Amino acid sequence: HYPIGLLFDLHASNTALPWSITVHFKNFPEKDLLHCHSKDVIEAHFMACIKEADALKHKSQVINEMQKKDHKQLWMGLQNDKFEQFWAINRKLMEYPPEDNGFRYIPFRIYQATTERPFIQKLFRPIASGGELHTLGDLLKDVCPGAIVPEDGEQKTQVMIHGIEPMLETPIQWLSEHMSYPDNFLHISIIPRPTD
Amino acid sequence: MAMPSSLLWAVDIFGRVYTLSTVGQYWELCKDTQLEFKRVSAVKQCCWGIACDHQVYTYVFSGDVPIRYQEETYENQRWNPVGGFCEKLLPSDRWQWSDVSGLKHQQLDSFTLPSPHWEWESDWYVDENIGGEPTEKGGWTYAIDFPSTYTKDKRWNSCVRRRRWIRYRRYKSRDVWAKIVSSDDPEQLPDPFNDISIGGWEITDEPLGRLSVWAVSLQGRVWYRENVCHHNPEGSTWSLITTPGEVVQISCGPYDLLWATLWEGQAIVREGIDRNNPQGISWSIVESPSSENGIMHVSVGVDVVWCVTKDRKVWFRRGVNSHNPCGTSWIEMVGEMMMVTVGLNNQVWGIGCDDRAIYFRQGVTPSELSGKTWKAIVSGRESDRSQTGSSTSLLSAGCFFTDDIQNQTNAIIQGDADTSSDTELSSVPVNPASTPLMGAAASSSGNSTDSQTAEIPANPSLDPLDSDQGEATVASATNEKANLEVHKSSANPNPSAELQWTNIDLKEAQKHPVLSVSTFADTSSLSSLGVFSVGADDQYGTDEHPLWAWVSGGGCLVDLHSPLKWFTASSGLSSSVQSLSLSITPAQTAAWRKQIFQQLSERTKRELENFRHYEQAIEQSVWVKTGALQWWRNWKPHKWMDVRVALEQFTGSDGMRDSILFIYYMYHEEKKYIHVFLNEVTIIVEVLNEAKHSFALYTPERTKQRWPIRLAATTEQEMHDWLSLLNMSCCESRRIQGPPSHHAIWSVTCKGDIFVSEPSPELEAGPQLMSCDQMFWRQVGGHLRLIECNSRGVVWGIGYDHTAWVYTGGYGGGFNQGLASSADNIYTQSDVKCVYIYENQRWNPVTGYSSRGLPTDRYMWSDVSDWYIDFNTSGGTDREGWQYAADFPASYHGHKTMKDFVRRRRWARKCKIVTNGPWLEVPPVTLWDISIIPSSAADDEETVALWAISDKGDVLCRLGVTQQNPAGTSWLHVGTDQPFISISIGAFYQVWAIARDGSAFYRGSVSPNKPAGDCWYHIPSPQKQKLKQVSVGRTSVFVLDTNGNLWYRQGITPSYPQGSTWDPVSNNIRKMSIGPLDQVWVIADKVQGSHSLSCGTVCHRTGVQPMEPKGLSWDYGIGGGWEHITVRGNATEASRVAVQDTSEENLAVSKDGEDEESKGKTEHFKTPLMVSESQELDRNSVNC
C-alpha cells in the first residue's frame, strides 16, 4: 500500500535504471496485503489518508468544510493525472492561518529499509515552543535517532524524499507543504548508504 | 491596473471635510478647504453639504467628460418680393428669434449663464445639420409658412425660412464647493438649512443622471430641489414639501426610499415616489422603537432603514421593501452611536458615541442586511502621515546623523537640555507644534560637514540607528552601554523616559528603524529615542485619532470582495513589528532550497532525460462520463425526451485525446443512439429556454442545417459540469489551450456569453478558402454586450449596464474549471440587464395579461428590482406607458386615437448577473460604443488609438493605451453638436462616427501626435436612410442603416478620405465588423438553413479583394442568437494579401487618382504598412 515513488526510494534508490518490476497476476499475498478489489476501494483508501493528514494539520477542519465534489476532484485529478485539477483543491489543504506559522502537526511517515517495522508515525509540531522552525534534522533526532549520524561517525544512512536527499536543515513545515505525496503525507525513507 | 474605488465622506468636529477611499488607507482632506461644514451627503459623482454659514454647497467631481448644455434658438425670416428673405415678418408671424415652436421669444442676448459656476464654450453658431443631412451654407430650412415642416431645399413656394443657432455652456466649478445660488423670490426662500440628503438616482426608468436633493431647514420644513440632473448639477429652485410635523433630519436612498425624523420622535416615510413624481405624494408615520426615547436620526438604503434613538441606541427596521417602505418592526442592534449612514450596497457606517470614531458594519450581505459587528476605522489622516513622511525624507538626506554624531561627544552636557525639550514633545505628540522644532533641527543640520554625510551611503546595509550607534561609539570613544548609562542618568527627571530606557535594550532598538526615524527627525540627541517612542505610540493612539461629527456613505461602494485597508493603523510600529518577524536569514534559505532544486533537476535528468528514447507506456485508456439528460428529438413532433448520455475519452498513442459523445434514445421501443466526434464540434453554447437549462452542439454540418443537437440538464450546476467537460474535451482534441491569440475573433451572443475563435490563415485568403462554419469557438467567462479588439491584444468590452471592461489576458472563467481556466487574471464581473414582457389589452373587453415565465428564469440571474413599466418602448408611450394600435400585431404609437382598439405596455425587470472572467472594470465613464485602431506600427511602446462613445453620447478618445497598459490612463473629450452612437477608427487613423440623428461624420487630422484630431466633417447619409453603425478597416469604410442595409463608401483616396458616394452592398444585416485586411464580417438578421431558420448569424463576405472591396457573396457561419462580432484583431493573412495588394493596389491608385500628389500619399501610406506586416509575420511564426 505504499506509493510507488516511496517503494522506489526504499528499494531501488541506488540501483541501475530502468527499474525492473515484476508484476504478479496470481497468488495475491492475501496474508500480507489488503486486497483492493475495486477502484472504489483504492479511492476510499486514498481519501482516508488525506483525511488523516488533515486531522493532523487542521483538526480536520479544512477537509470537512469541503464539498463532496471537491473530494471527488482530488481523486479524479490524481486518477487522470491532471495536476491543476488536483492542486486547485489540494492547495486549500496546504494552507494555514497566518497567525499559526504552520500546521498543527506534520503528517509524516518514516520508513526504514532495514527493519521489519512498517513505519514510524508520531505527533510532531512544525514550530518549537520557542517559535523557531523545526527542521528535518529535528524530526529525525526526535523520532528516529538511529538515522542521524553521530557527531564524529561516518554517515551510514540516507534520508530520501522523492528521490532526493534534502538537507537536514530544511524546515519540516516547508517540506510538508512542498514535498508531500498526493495523500498529503510526507513519506521519508531511511536507507543504508551505498558503500562504494 | 487600478481597481475601481469610491469614497467615504466625513466631517470632523472642526468642520473639516475628509474622504477615505475604498482602496486607500488615509483620510484625505477635501481639496477645497475654504469652508467648514456641518453636514455632507455624498453620491458617486458629487457631494452636497451644509456649510457653517447654513448655505448649501455642491461639490462635483472633475472627470474626463465635461458637463455641457446646449442652448438653442431659431432665427426666422420671411420672403419679401423686394429684398428677398429678410428680418421683416408679418404681424401674425412669430418673432424674428424664437424657440422651436415659435411661441417663445428668444433673442441671442437673452440667454444668460444660470449661475457663476457656468461658462460659455464658444459664441453662437449656426447648426448646419438638419435631421442628419447637411444643409446649404447658412443652415436655412424652408417652408411655405410658419408653423410647418421645413425642408433643406428652397422651392418656388418657400415663403419662410428659419435656421437654428446653438451655443454650449459648460459647468466649471468642479472639484470645488459651489454655492447654490438661489434665484428664487426672496420671500419664498427657505430659512437656513440644517440637514441635507441626496439620492434617488436609481428610481426606475427615470432619466439618467437625475438626482433627488432633500433638505431640512432650521424651522423644521422640508425642501426639495427641482431639476437636479447630470447637466444641471445645481438644480433650479427649492420647493416646499408639507410635512405632518417639524422635521429635524432626512435621509434619501438610491431608489424610492425616503425617511425623515420629527421633533416629536417619530419617523415619517414618503410614499408614492416614482419616475413621474420624484417628490412623492404623501407621508406615513412610523413610531419610535421605544416610547421614552424618540428617534433622533434615520438613514435609509435600497431597502433597509437604520435609526438612532435619543438614548443613542441603534435600531434596524425589519421588513422594508418597495411595496412596504414603512417596514414592520424594529430590532435593537448592539452599540451606541451618534448617527448612522447607509451607503451603496446597503453597507452601514456609524459614529461611536464615546469615542466619536467611525465604525463600519461588517458582514452586511443581501441575506444578512443587519450585518454582524461594528469595526472601528483606524485610518490616520493624510496630514498626520505627511509629518512622519517629511521627517523620513529629512532623515534620508542624512543631515540628522551628522548632527547627532557631532553632538554626541557633548552628550553629557547637552543631555539635560535635550531631555527637557523631549519631555515636552512626548506630551504633545506629533502636533503642529513639533514642526518648527523639526525645522530648527533641519536648519542646524545644514551646517554639518559633508564628510560625515558621505558616510551614510557607505553603510547601506546597516539600518539607520545601527550605523548611528556605531559611529556614536567611535566618536565618543566609550562603549554603548556606558553611553546609555550616561543618558539614563541625565534623563532621570522624567520618569516615563526612564521607563522606556529600561524597556528598550540596544539590540531591540535596532529593530525599530522606523521609530528611530521619527526620533531623529525631531531631536538630535540619542537620549530622546525612548522618550519619543512614547510619543510615536500616542500619535496613532486615542489622543490623536480624529473626532468625527458626520459621515456619509452614499457614494461608497463596499462589497464582500473589497479588501479594505481601513482597519490597521499604518504606524511605524507595525512595520517594525513586521521586520521583527523575519527570522530566517536569506543565506540559510538559499542553502537548503538550492540543494533541493539542484537535486530535483539532477533526478529528472537521471530518471527521465536518459530514457527519452523509451516508448511511452501510457495506457490507451477509455475514460467515460455518463449521465441522464434531455434531448430535443430529431423527428416531429419535436419535443424533449429523456436520454442517456456518455462521453468517452480516448488517449491515443501520441498522447492526443479524442472523445465521442453518445446519446442513447428510444425510438418505437427500440434502443438507438447518435454520436458526435468532439473534434468535429465547432461550438457548445448555452441556449435560452423557458424552463430548461439547455445547450446546443454544432458541427459544420449542423450549422448548415441550422439544427444543432440540443441537450438539457435538470439543474444549472449539472449543465455547467457537462459544458465544462465537453468544452475541455473539444479544446483538447483540437490542441487549443491558454489565452486567445491577438488575432482571435471575438463574438457575443444575445445571452451576453463571450466566444472566441482562432482564425486560420485560410479564412481570408488562399487557394482553398475555409468556410466559416468550420470555425471552432470556445467560451470565455464574463457577460458583455459588445467586444472590440485589435491585432496587438488590446481588447475592451462593454456590459449591458454600459460598464467598460478591459481584457486581462486570462482565459476561462465562468463555468470553466481546472485546466480550462487560467489561475490569474480572472475577476468577478457583474452586469445588469433589463428583460421585458408586454402587457396587452384590448380596448373592450380586457383580454387579460400575459403570464408567461421569464426567458431568464435561471438562478444565475437575481432580481434587482421589481417589475416596472417601461416608458422607452419604440414608438413612444403615454404617461402610463401604454402604446396604442388598431389591432394586434401592428405598429404602435404613444397616444390614443379614435381608431385604436388595442393597447399594450412593456414591463421591464432589471436582472443582475454575477459571474467571473478575464475582465477588469475601467471606471468611471460608462460606454455605448468603442473602437480600437486595427493595427499600427509594431512598436510595443507606442500608444494605441482607442475611441469610444459614452452612454450619454459623448465622443471620447482614450489616452495612454499601450500593449502593456491596455486600460489606458484617461479620457479626452471630443466635442460634438449632438449625441453620437457609433464610432470606428481605421488603420490610418481615419475616424468615422454616427450621430444619434443617423448622420455620419468624419474626423479630420487624427494622428498619433494629434489623437483627437481637429474637426468633424458631416458626410451625407445614403438617401432617406438613418445610419446606426460605422466600421473602418484598413481603407474600407462601411456603414449600416436602421433598415439593415450595408453600404460601402466609394471614392476614398488618401487625399480625399471622406469619399464620394455610398454603394449598397447587402440588406439583412444587424451588425458588422471590418477588419484590418478590410475583410467584412457581419451578423445577419435571418439565415435559412436546410432544417431551420436562424436569426443573428455570423456571416463572412467572400471575394473581398482590393479591386473588389465590396466582395461577392456571403458565407454563413455560426448562429442564431449572435449579437456582435469583431474581426479587428485578425491580421493573420496580412503578409500574403499584402503581396497581392501592392500590385493590385497600384492599379487601383493609378485608376483612382492620376495626379502625382495622391500617388505620393499612397506611397507614404504603404511604407509603414509593409513594415508592420513583416513584423506581423514574425509574430505569427513565434505563435505557431
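These are my notebook entries on what I looked up in this structure, which is a predicted model.

**Entry 1: helix α4 of chain A**

I started with helix α4 of chain A, which covers residues 68–79. I wanted to know how far apart its end C-alpha atoms are. They are 16 Å apart, and 12 residues at 1.5 Å a residue should span 16 Å, so the two agree. The expected span is 1.5 Å times one less than the number of residues, which is why I don't multiply by 12.

Next I looked up which residues of α4(A) are buried. My list has A:D70, A:H71, A:Q73, A:L74, A:W75, A:M76 and A:G77. Just after α4(A) comes A:D81, and I noted its positive phi of about 55 degrees.

**Entry 2: a salt bridge between two helices**

Still on α4, I asked what A:K72 pairs with. The partner is A:E43, and the closest N and O atoms of this salt bridge are 3.3 Å apart. A:E43 belongs to helix α2 of chain A and A:K72 to helix α4, so I put the pair down as a link between distant parts of the chain, 29 residues apart.

Are the two partners buried or exposed? A:E43 has 14% relative accessibility and counts as buried. A:K72 has 38%, so I wrote it down as partly exposed.

**Entry 3: a nonpolar patch on chain A**

Then I went to the surface. A:I4, A:I21, A:V23 and A:F25 make a nonpolar patch there, and together they have about 500 Å² of accessible area. I picked out A:I21, which sits in the loop between α1 (4–12) and α2 (39–58) of chain A. Its relative accessible area is 53%, so A:I21 is exposed; the cut-off for that word is over 50%.

**Entry 4: aromatic rings in chain B**

I looked up how many aromatic pairs there are over all chains. The count is 48. I took one of them, B:W27 with B:W548, for a proper look. The ring centres are 4.4 Å apart and the planes are at 45 degrees, so I filed the pair as tilted. For "stacked" the planes must be under 30 degrees apart, and for "edge-to-face" over 60.

Where do these two rings come from? B:W27 is in strand β3 (residues 26–29) and B:W548 is in strand β33 (residues 548–552), both of chain B. They are 521 residues apart, so this pair also goes under links between distant parts of the chain. Both B:W27 and B:W548 are buried.

I also found a cluster joined by ring pairs: B:W9, B:F37, B:Y57, B:Y59, B:F61 and B:W177.

**Entry 5: charges over rings**

Two tryptophans in chain B have a charged end sitting over the ring. Over B:W722 it belongs to B:K625, 5.0 Å from the ring centre. Over B:W1062 it belongs to B:R1049, 4.6 Å from the centre.

**Entry 6: backbone oddities**

A reminder to myself: most residues other than glycine have a negative phi, and most peptide bonds are trans. That is why I wrote down the exceptions below.

- The bond joining B:K636 and B:P637 is cis, with omega about -5 degrees. B:P637 is in the loop between β34 (622–632) and β35 (640–651) of chain B.
- The bond from B:G1119 to B:G1120 is cis too, with omega near 0 degrees. I found B:G1120 in the loop between β68 (1113–1119) and β69 (1122–1126) of chain B.
- B:H802 isn't a glycine, yet its phi is positive, about 75 degrees. The loop holding B:H802 runs between β45 (795–798) and β46 (804–807) of chain B.
- B:R312 isn't a glycine either, and its phi is about 70 degrees. B:R312 lies in the loop between β26 (305–309) and β27 (313–318) of chain B. With a relative accessible area of 26%, B:R312 is partly exposed.

**Entry 7: more salt bridges**

On either side of B:R312 in the numbering I checked B:D311 and B:K313, whose side chains meet in a salt bridge (3.8 Å, N to O). B:K313 is partly exposed at 27% relative accessibility, and B:D311 is partly exposed at 23%.

How many salt bridges are there over all chains? I get 27. Another one joins B:D753 and B:K751, with the closest N and O atoms 3.0 Å apart. B:D753 and B:K751 are both buried.

My last note is a network of salt bridges linking B:D12, B:R16 and B:R381.

Terms used
Residues numbered from 1 in each chain as written. Chains lettered and ligands numbered in written order. Predicted model: local features only at pLDDT ≥ 70, side-chain atom pairs only at ≥ 80, totals over all residues. Heavy atoms only, no water. Phe/Tyr/Trp six-rings, centres within 6.5 Å; stacked < 30°, edge-to-face > 60°. Helix = DSSP H or I, 4+ residues; strand = E, 2+ residues; numbered from the N terminus. Buried < 20%, exposed > 50% of the residue type's maximum accessible area, 1.4 Å probe, protein only. Lys NZ or Arg CZ within 6 Å of the ring centre and 35° of its normal. Patch = residues over 30% accessible without salt bridge, like charges linked within 9 Å, V, L, I, M, F, W, Y side chains within 5 Å. Areas by Shrake-Rupley, 256 points an atom, 1.4 Å probe, with all protein chains shown as cover. Salt bridge = Lys/Arg side-chain N within 4 Å of Asp/Glu carboxyl O.
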